[in-house]
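Trainee: I should like to understand how the salt bridges of a model are assigned. May we go through the reasoning together?

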Amino acid sequence: MQMEQQPGPDVELSIVVPIYNEIGNIDPLLDRVRTTLDDIGISWELVAVDDGSSDGSGERLDELAKSEHRLRVLHFVENCGQSAGLDAGFRHARGHLIALLDADLQTYPEDLPKLLDMLDSEGADAVVGIRAERQDTGWRRFSSRVANGVRNRLTREDIQDTGCPIKVFRAEAINSVKMFTGMHRFLPTLLRMEGFTVKQVPVRHADRTEGQSKYGTWDRAFSGLRDSFAVRWMQDRRMRWRIRD
């Protein structure tokens with residue numbers, strides 16, 4: 001199903017944030033997005049997708065939206081996962097540009113201007129982050145390097161940090177991608193399959209100070225491997241044709 005931009009006020013940037021049980025991070029997330037983007041004078045909206053939270057995150061988002069009209073809240077009936085949250089956010093975003101952030105604040109909203117600048121200066125269709133000096137455990141850093149290597153080998157790609165959650169896209173580019181469960185890990189590759197250009201840039205990374213990670217190492221490893229084979233299949237089966245002049 002083709003994604004369509006929602007009618008409404010003209011917005012330069014939509015920030016899509018899937019949220020599942022992140023009650024302690026919601027207020028600082030909104031504050032930091034507001035400060036960062038108001039400082040650079042860009043019109044924006046934050047599309048928060050409440051993924052069936054049970055800790056009061058959804059209620060807090062609704063409360064904040066009463067006084068911040070640029071916060072738009074979507075509520076899932078039940079927990080559906082990160083890919084579904086992104087898909088819903090993309091479909092409801094109104095911006096000419098669409099950014100992704102995680103609600104855990106391990107990547108910095110303050111790095112969004114850097115990605116936006118590169119998108120403009122390089123004429124790219126997407127800019128994705130590379131987490132520099134990751135503030136994770138040694139095991140998590142190791143497992144991430146292995147996962148990145150396996151995915152790149154299987155998909156014949158060069159994306160240095162497929163799991164980095166901070167990204168910026170032109171709306172027409174990300175709207176061309178067909179989303180499936182697990183495909184959020186392969187967005188740069190899926191964009192390149194559609195003929196769009198993707199740039200990479202180092203971004204900052206911080207310790208998680210509130211809430212808990214929703215992912216384990218082994219569940220990500222097995223699902224990521226399966227999805228890598230699926231993407232490789234799509235790459236190999238992609239149709240390429242041109243009409244002769």
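Mentor: The following exchange concerns charged side-chain pairs and their exposure. This is a predicted model, in which local features need pLDDT of at least 70, side-chain atom pairs count only at pLDDT 80 or more, and totals for chains, interfaces and linings use all residues. Residues are numbered from 1 along each chain as its sequence is written, and side-chain values use heavy atoms, with hydrogens and water left out.

Trainee: Why is the contact of D38 with R70 called a salt bridge?

Mentor: A salt bridge requires a side-chain nitrogen of Lys or Arg within 4 Å of a carboxyl oxygen of Asp or Glu. The closest N and O atoms of D38 and R70 are 2.9 Å apart, so the pair qualifies. D38 lies in helix α1 (residues 26-39) and R70 in the loop between α2 (57-65) and β3 (71-75), 32 residues apart; helices (H or I, at least four residues) and strands (E, at least two) are DSSP runs, numbered from the N terminus.

Trainee: What makes R70 buried and D38 partly exposed?

Mentor: Buried means under 20% relative accessible area, exposed over 50%, and partly exposed in between (1.4 Å probe, protein chains only). R70 has 19% relative accessibility and is therefore buried, whereas D38, at 36%, is partly exposed.

Trainee: Which residues are linked with D38 and R70 in a network of salt bridges?

Mentor: The network also includes D31, R34 and E68.

Trainee: How do you know that D111 and R204 form a salt bridge?

Mentor: Their N to O distance is 3.0 Å, so the criterion is met. D111, at 4% relative accessibility, is buried.
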